[in-house]
Amino acid sequence: MRTIAEARERLAIASCHLADLLAWPPVAHHPATPALERLAVEAVDLAADVLLGVALLIGQETDAANERDAA
């Protein structure tokens, strides 16, 4: 099982690879590249939102567990 930190790192790596691929001259000059770039940005943004949501949920659950333990 991966940790959130590992998932965050993999997302950063994937973002860099996507940016490099889209900047690669044979791809950069292709007519479909702007649409692919928008799609890549949306995919990375969605993945980042999911990671943030999971982190927030874990924080809320941890806070609730700590409150129960303190009571």
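1. Start with one cut-off: a residue is called buried under 20% relative accessible area, exposed over 50%, and partly exposed in between. Keep in mind that this is a predicted model, so treat what follows as a reading of a prediction.

2. Now try it on I4. This residue sits in helix 1, which covers residues 4–23. Its relative accessibility is 33%, so I4 counts as partly exposed.

3. I4 also belongs to a group worth finding on the surface. Together with L46, V50, V54 and I58, I4 makes up a nonpolar patch there. The five side by side offer about 410 Å² of accessible area together. Where does the largest share of the nonpolar patch come from? Look at helix 3, residues 33–70: four residues of the patch come from this helix.

4. Stay with helix 3 and pick out T33, which has its place there. Is T33 buried or exposed? With just 6% relative accessibility, T33 counts as buried. If you leave aside neighbours within four places in sequence, T33 is in contact with L22, V27 and A28.

5. Next, take P34, which is in helix 3 as well. P34 has a relative accessible area of 43%, so it is partly exposed. For a sense of distance, compare P34 with I13: they are 21 residues apart along the chain, and their C-alpha atoms are separated by 21 Å.

Terms used. Residues numbered from 1 in each chain as written. Predicted model: local features only at pLDDT ≥ 70, side-chain atom pairs only at ≥ 80, totals over all residues. Heavy atoms only, no water. Patch = residues over 30% accessible without salt bridge, like charges linked within 9 Å, V, L, I, M, F, W, Y side chains within 5 Å. Areas by Shrake-Rupley, 256 points an atom, 1.4 Å probe, with all protein chains shown as cover. Salt bridge = Lys/Arg side-chain N within 4 Å of Asp/Glu carboxyl O. Helix = DSSP H or I, 4+ residues; strand = E, 2+ residues; numbered from the N terminus. Buried < 20%, exposed > 50% of the residue type's maximum accessible area, 1.4 Å probe, protein only. Contact = heavy atoms within 4.5 Å.
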